[in-house]
Amino acid sequence: MTTQTKTENGADLEKLISDYGPSKYNDIVRAMQWARHLRRQEEFRNVPMAELIDRSLLDVVSGKIQVAEIEAAVLSDQELEERLAAKRSDEPRKPRKESKEEKPAKEAA
């Protein structure tokens, strides 16, 4: 039954996208951005990306999610990434211990 439901939803989604207006290409990009945003949320971490893409496409095409909300989510995700990158670059690197294999071999005289 779930396969049939997925197929029907897939057919509905394809029909919605093909009959969609001239902004469909921009909205597909927005749907991909929304899918990436959803992936960061705890409740969607274990959901396959393909399902998130389908869900976000349906949300965008059906008007369930608005452009302003997607743009706000993208900005917050970018800020989070910048903070994480800054945190990573601020941490001092621990010196690596040399192993015996990395030391140059002494030449025999």
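**Exercise 1. In this predicted model, determine whether Asp 59 counts as buried or exposed, and find which residues Asp 59 touches beyond its sequence neighbours.**

Solution. Begin with the accessibility: Asp 59 has a relative accessibility of 10%, and because the cut-off for a buried residue is under 20%, Asp 59 counts as buried. Next, place the residue in the secondary structure, where Asp 59 belongs to helix α3, which covers residues 49–62. Finally, leaving aside residues up to four places away in sequence, the contacts of Asp 59 are with Trp 34, Lys 64 and Ile 65.

**Exercise 2. Asp 59 also takes part in a salt bridge: identify what the partner is, and state how many residues separate the two along helix α3.**

Solution. The side chain of Asp 59 meets that of Arg 55 in a salt bridge, with an N to O distance of 4.0 Å. Both residues lie in helix α3, and their separation of four residues corresponds to about one turn of the helix. The accessibilities can then be set side by side: Arg 55, at 40%, counts as partly exposed, whereas Asp 59, at 10%, counts as buried.

**Exercise 3. Find what span should be expected for helix α2, and examine where the buried residues of this helix fall when seen down its axis.**

Solution. Helix α2 runs over residues 24–40 and so has 17 residues. The expected span takes 1.5 Å times one less than the number of residues, which gives 24 Å for α2, and the end C-alpha atoms are 25 Å apart, in agreement with that value. The buried residues of α2 are Lys 24, Asp 27, Ala 31, Trp 34, Ala 35, His 37 and Leu 38. Seen down the axis of α2, these buried residues fall within an arc of 160°, and therefore they line one face of the helix.

A further residue of helix α2 is Ile 28, which at 30% relative accessibility counts as partly exposed. The C-alpha atom of Ile 28 is separated by 7.9 Å from that of Val 60, although the two residues are 32 residues apart along the chain.

**Exercise 4. State how many salt bridges the structure holds, and work out which helices are linked by the pair Asp 77 and Arg 40.**

Solution. The structure holds five salt bridges. One of them joins Asp 77 to Arg 40, with the closest N and O atoms 3.7 Å apart. This pair links distant parts of the chain, since Asp 77 lies in helix α4 (residues 67–90) and Arg 40 in helix α2, 37 residues apart. Asp 77 is buried, with a relative accessible area of 12%, while Arg 40 is partly exposed at 33%.

Another salt bridge pairs Arg 45 with Glu 42, where the closest N and O atoms are likewise 3.7 Å apart. Here Arg 45 is partly exposed, with a relative accessible area of 46%, and Glu 42 is exposed, with a relative accessible area of 62%. As a general point, side chains of opposite charge can pair when their charged atoms come close.

**Exercise 5. Establish what average pLDDT the protein has, and where pLDDT stays under 50.**

Solution. The protein averages a pLDDT of 77, and 65% of the residues score at least 70. Over residues 1–7, pLDDT stays under 50, and for this stretch the model has one contact beyond four places in sequence. Where pLDDT is low, the predicted coordinates should not be read in detail.

Definitions and conventions: Residues numbered from 1 in each chain as written. Predicted model: local features only at pLDDT ≥ 70, side-chain atom pairs only at ≥ 80, totals over all residues. Heavy atoms only, no water. Buried < 20%, exposed > 50% of the residue type's maximum accessible area, 1.4 Å probe, protein only. Arc of directions from axis to C-beta. Contact = heavy atoms within 4.5 Å. pLDDT = per-residue confidence, 0-100.
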